[in-house]
Each structure stands twice: as C-alpha cells, then as structure tokens.
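I opened a fresh notebook page for this one. My plan is to look things up piece by piece and jot down what I find.

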2 protein chains.
Amino acid sequence: MKTLYPLSSFNKTELDDFESCFHPIQKTFSRGEIIMRLDEDNGYVGLLRSGTAHLVTTTFDGTKTIIDYFEPGNIFGKRFSPCTQVDPYLVMAKTRCTVQLVDYDRVITCCEKCCKKHIRLIDSMILTMARRAQLHVEVLGKRSIRGKLMSFFYHISRSRGSASFVLPLSLSDLADYISADRSAMMRELKKLNSEKIIVSHSNKVTILKDINV
Amino acid sequence: MKTLYPLSSFNKTELDDFESCFHPIQKTFSRGEIIMRLDEDNGYVGLLRSGTAHLVTTTFDGTKTIIDYFEPGNIFGKRFSPCTQVDPYLVMAKTRCTVQLVDYDRVITCCEKCCKKHIRLIDSMILTMARRAQLHVEVLGKRSIRGKLMSFFYHISRSRGSASFVLPLSLSDLADYISADRSAMMRELKKLNSEKIIVSHSNKVTILKDINV
DNA sequence: AAAAGTCTGTTGCATTTGCAACAAATTCGT
DNA sequence: ACGAATTTGTTGCAAATGCAACAGACTTTT
C-alpha cells in the first residue's frame with residue numbers, strides 16, 4: 001500500500017483552535033434534518049463534531065444527488081462548499097449529529113492579533129476544501145464504474161492507512177456519489193470480488209491488489 | 001435563458017489589487033511549457049493574465065487528463081488547485097500565455113495593515129476555487145454524455161450571459177474534461193443538433209432549448 | 001414486537017458508450 | 001509558405017451501463 005495520506009479534516013489542534021479562535025455556537029440535528037441551505041443568504045461555516053452529514057442537491061425531477069459527505073472534523077458552508085444560484089444545495093444530517101457554526105466573515109477577517117493560529121486555520125480550511133473537490137473529480141473522472149470504485153477505494157485506503165476499511169457511505173449512497181447506477185455498481189463489485197482484486201461484504205472492503213485505473 | 005452567473009475569475013479591480021497587494025513577478029510561457037508543477041514543493045499561486053492554460057494529470061499509461069482550464073483572470077497553484085502526493089498535477093500552457101506569480105504565504109498571511117482589499121482578494125480566490133470545483137463535479141456528475149454536455153453548455157451560457165458562445169476548450173479537450181470518449185461525444189453533439197436542442201459548428205455553440213439534464 | 005422504511009443483492013434487456021480506425025480540415029512552427 | 005501536428009468528423013462493432021423490477025436483510029420508529 002501507498003504512504004499515509006493526510007485526512008481531509010481538522011486534527012485535534014485545529015478543532016481546539018476553531019473553538020477558541022472563532023467561538024462557534026453548537027447545535028444538534030437528527031437524521032434527515034437540514035443543517036444548512038447553501039444559498040446566497042447563508043453566511044455560516046459549519047464544523048461537524050459528531051455524526052455524518054451529506055451535501056445534496058435536488059434536480060428538477062426530485063432526484064437527490066450526493067455531492068459530498070462529511071465526517072467529524074470536516075467543514076462546510078459558505079465558500080467551503082460549492083453553491084450556485086440555480087440549484088438548491090443542502091447540507092443534511094445523515095445520522096444524528098453535532099455541528100459548530102460560525103460566521104464566515106469572522107473566519108476570513110483576520111482577528112486583531114493577526115494570530116498565527118488563525119492563519120493556519122484558514123489555510124487548513126482551504127486545503128481540505130481543495131482535497132475533497134479533488135477526490136470527487138478524480139473519482140468521477142474515471143470512465144468506468146470499476147475505475148471510479150477503485151479510485152475511491154484507494155483514496156479511502158490511503159487516508160485510513162490500511163487496505164481494509166469501512167466505507168464512509170452506504171452502498172446506495174456510494175453509487176450516487178460516484179454517479180453510477182446502483183445495480184450496475186453492485187455487478188461491478190461482484191466482479192471485483194470474483195477477480196480477487198478486493199474482498200467486500202456490504203460496506204466493508206479490503207483491497208487485495210493494486211490495479212491500474 | 002437564466003440570469004447572469006458571475007464568472008469564476010477576477011474582475012478588473014481584483015486584478016489591480018492583486019498586483020498592488022501581492023507584487024507578483026510576471027513570466028511568459030509558450031504552448032506546451034509547464035507553468036507549474038503542483039506538488040509538495042510548490043509554494044506559488046499563479047494568476048493568468050493572457051492566453052489559456054490547462055491543469056492536467058498524467059496516468060500510468062501516459063494518458064493526459066484535463067482537470068481544469070484557465071482563462072485570463074483565473075488563479076491556480078498552491079491550495080487553489082487540487083494536488084496529491086501520488087499523481088503529478090501540472091499547469092501547462094495551452095497557448096502562449098502570461099502569468100503573474102506570488103508566494104502563497106504572502107497571500108494567506110495578512111499584510112501589516114490587515115487591509116480590506118487583501119481580505120476581499122482571499123475571499124474571492126476561495127470563491128472562484130469553489131465555483132470551478134463545483135462546475136466540474138456538476139458536469140461529471142451527469143450520467144450521460146448528453147447530460148454532461150448540456151450541463152457544461154448551460155454553465156458557459158450563464159457565465160457569458162448569452163445563449164451563443166465559443167467554447168473555452170477545443171472539442172478534443174472538452175471530451176477529455178467531461179471524461180467521455182471523443183467519438184461518442186461527437187455522435188451526441190450531432191444528435192443534439194438534429195434534435196434542434198443546440199446548433200453547433202466546431203466549438204461555436206448556440207443553445208436553442210432548455211432541457212432537463 | 002410489529003410495521004415502516006431503508007439498504008443490499010440480483011436478473012434480463014435495451015441503450016449508451018468506448019474502442020479502433022480512418023479521412024479531411026485546420027492550425028502551428030520554422 | 002511549407003510540412004508537421006493537431007483537431008474535427010465519421011463508422012461498425014463489442015462491451016459496459018442504465019433501467020425496471022423484485023426479494024430478502026437490516027434499522028428505525030411507534
């Protein structure tokens with residue numbers, strides 16, 4: 001396996017700094033609740049402290065699409081999640097979760113002391129945003145479902161530092177995230193298993209072989 | 001057509017501020033030259049002033065993939081373009097072009113005066129980065145070539161404020177950017193023309209109809 | 001503990017897409 | 001202004017993918 005790849009999320013120090021530097025307000029949401037509407041009016045940045053949440057958009061016909069998924073330590077909100085004027089983007093609680101909210105303006109404006117911590121935080125937020133965008137583009141950029149799956153698996157494997165891992169999404173949601181038909185994805189998963197490239201049961205995966213994707 | 005959608009690039013004021021606030025050095029590159037290698041060592045942020053450039057990555061088998069394209073007013077470089085440790089990401093001159101370069105640290109660190117212009121610049125850079133990532137994810141997220149094409153066309157149309165426009169990429173490069181086989185894309189373009197949804201000749205496109213994608 | 005809802009897993013079939021290969025038009029470099 | 005390189009445009013065919021539809025397992029709610 002490859003070398004450890006930094007997680008696209010805040011570490012312990014940054015989590016502490018986020019609290020002490022920005023003084024966020026904390027809120028709890030239950031499954032299915034809308035944490036944030038990413039539109040022009042939204043001025044908040046959210047930091048997920050517990051649970052999982054998804055960034056979803058709804059198309060004309062009511063189909064939901066998963067743009068991004070958040071785990072504890074991930075940030076989202078104004079500027080740190082893509083947003084247009086045309087389609088509604090929502091951050092939605094996938095499980096019960098705790099979120100810390102802060103005004104974007106407070107984030108981007110240097111504090112009186114121009115403190116180093118503050119600058120490091122902004123940098124880290126920009127970095128994680130670039131990383132998550134890259135992950136999705138890299139995965140979606142593969143022309144086959146096999147390529148998308150393996151690209152995503154390698155990413156997760158690297159970030160976890162292990163060839164075995166539990167997927168951060170259910171298989172249904174994964175199909176949505178990689179923009180593939182679920183049944184076609186299941187078929188491909190079965191093939192990958194039969195060719196001994198991976199071993200998987202539900203959302204537990206072990207990579208056996210590095211293949212070119 | 002929809003309302004005007006802000007361009008994912010700097011406006012005149014921001015271009016001026018970029019120069020006066022960051023004091024970039026200016027360089028010229030000819031077609032095919034590597035402007036920047038987006039790796040751990042790169043500490044620069046680039047602002048394209050003239051010409052066009054692509055963000056490309058090369059896969060194991062030597063295939064190039066276009067991750068992003070840059071036009072005058074676009075920024076790229078450390079933190080503002082995705083970058084991993086595993087794959088080489090390159091910013092490459094597509095035509096002869098002029099670039100202004102500045103240290104990322106100088107961008108992210110507040111200047112002595114904590115000037116408003118500076119903060120607005122950082123904000124704008126973060127915003128444009130989010131927008132470009134979104135565009136690509138939205139386009140790649142469509143399951144059919146037709147969907148990808150129309151999604152991209154609507155975006156360009158909105159950003160230009162007109163139903164007629166010249167594509168910012170050659171058709172070959174567009175196929176690459178939307179991650180589709182070029183011949184399959186050409187076939188779909190022909191269909192879109194015959195169904196009178198668009199009129200296109202080479203890379204000049206006019207949208208005739210809004211369809212659900 | 002039952003019911004409702006969500007998620008995994010599967011199949012047949014039609015359609016879309018990718019691949020390979022080629023010709024013609026256009027653009028680029030010297 | 002010439003040749004080289006790139007880009008557009010096309011086709012037949014095989015393979016991959018999406019769609020529709022269903023059954024059973026697992027979770028959550030009441």
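Which atom of Ile145(A) lies 2.8 Å from a phosphate oxygen of DNA strand D? I looked, and it is a backbone N or O atom of Ile145(A). Note to self: this is a predicted model.

**Entry: DNA strand D**

I stayed with DNA strand D and listed its surroundings. I get 22 residues around DNA strand D, and the closest are Ser144(A), Ile145(A), Asp181(A), Ser172(B) and Arg182(B). Of the atoms of DNA strand D that come within 4 Å of the protein, 55% belong to sugar and phosphate.

Then I checked some individual contacts. Lys94(B) has a polar side-chain atom 3.1 Å from a phosphate oxygen of DNA strand D. Arg182(B) goes for a base: an N or O atom in the side chain of Arg182(B) is 2.9 Å from a base oxygen of DNA strand D.

Which elements supply at least two residues each of the surface near DNA strand D? I noted H6 of chain A, plus helix H5 (171-177) and H6 of chain B. H6(B) has the largest share, with five residues. Sorted by class, the surface near DNA strand D holds 10 charged, seven polar and five nonpolar residues.

**Entry: DNA strand C**

Next I turned to DNA strand C. Here 23 residues surround the strand, and the closest are Ser172(A), Arg182(A), Ser144(B), Ile145(B) and Asp181(B). Sugar and phosphate make up 55% of the atoms of DNA strand C that come within 4 Å of the protein.

I found two backbone contacts to phosphate on this strand. Ile145(B) puts a backbone N or O atom 2.8 Å from a phosphate oxygen of DNA strand C. For Asp181(B), a backbone N or O atom lies 2.9 Å from a phosphate oxygen of DNA strand C. I also looked at Arg187(B), where an N or O atom in the side chain is 3.0 Å from a base nitrogen of DNA strand C.

The elements giving two or more residues to the surface near DNA strand C are helix H5 (171-177) and helix H6 (182-194) of chain A, together with helix H6 (182-194) of chain B. Which of them gives the most? I wrote down H6(A), with five residues. My tally by class for the surface near DNA strand C reads 11 charged, seven polar and five nonpolar residues.

**Entry: the sheet in chain A**

I left the DNA and went looking for strands. In chain A, I followed four strands through an open sheet in the order E2-E7-E4-E5, with antiparallel pairing. Strand E2 (34-37) and strand E5 (64-70) of chain A sit at the edges, each pairing on one side only. From one strand to the next, the twist averages 25 degrees.

I picked one pair to trace. Strand E4 (residues 53-58) of chain A and E5(A) pair in the antiparallel sense over six bridges. Opposite Thr58(A), in E5(A), I found Lys64(A).

**Entry: the sheet in chain B**

Chain B has an open sheet of four strands in the order E2-E7-E4-E5, and the pairing is antiparallel. Its edge strands are strand E2 (34-37) and strand E5 (64-70) of chain B. This time I traced E2(B) and strand E7 (residues 89-93) of chain B, an antiparallel pair with three bridges. Which residue in E7(B) is the bridge partner of Arg37(B)? I found Leu90(B) there.

**Entry: odd backbone angles**

I reminded myself that most residues other than glycine have a negative phi. Arg79(A) is not a glycine, yet its phi is positive, at about 75 degrees. I located Arg79(A) in the loop between strand E6 (75-77) and strand E7 (89-93) of chain A. Is Arg79(A) buried or exposed? Arg79(A) counts as buried because its relative accessibility is 18%, under the 20% cut-off.

Lys196(B) went on my list too, with a positive phi near 60 degrees. I found Lys196(B) in the loop between H6 and strand E10 (198-201) of chain B. At 58% relative accessibility, Lys196(B) counts as exposed.

**Entry: cysteines**

How many disulfides does the structure hold over all chains? I counted zero. I did check on Cys21(A), which is buried with a relative accessible area of 17%. Cys21(B) is buried, with 17% relative accessible area.

Key
Residues numbered from 1 in each chain as written. Chains lettered and ligands numbered in written order. Predicted model: local features only at pLDDT ≥ 70, side-chain atom pairs only at ≥ 80, totals over all residues. Heavy atoms only, no water. Near = heavy atom within 4 Å. Polar contact = N/O pair within 3.5 Å; in protein donor to acceptor, adjacent residues only side chain to side chain. Nonpolar A, V, L, I, M, F, W, Y, C, P; charged D, E, K, R; others polar. Pairing = 2+ DSSP bridges. Disulfide = S-S within 2.5 Å. Buried < 20%, exposed > 50% of the residue type's maximum accessible area, 1.4 Å probe, protein only. Axes fitted to C-alpha atoms, helices over the stretch in contact; angles between N-to-C directions.
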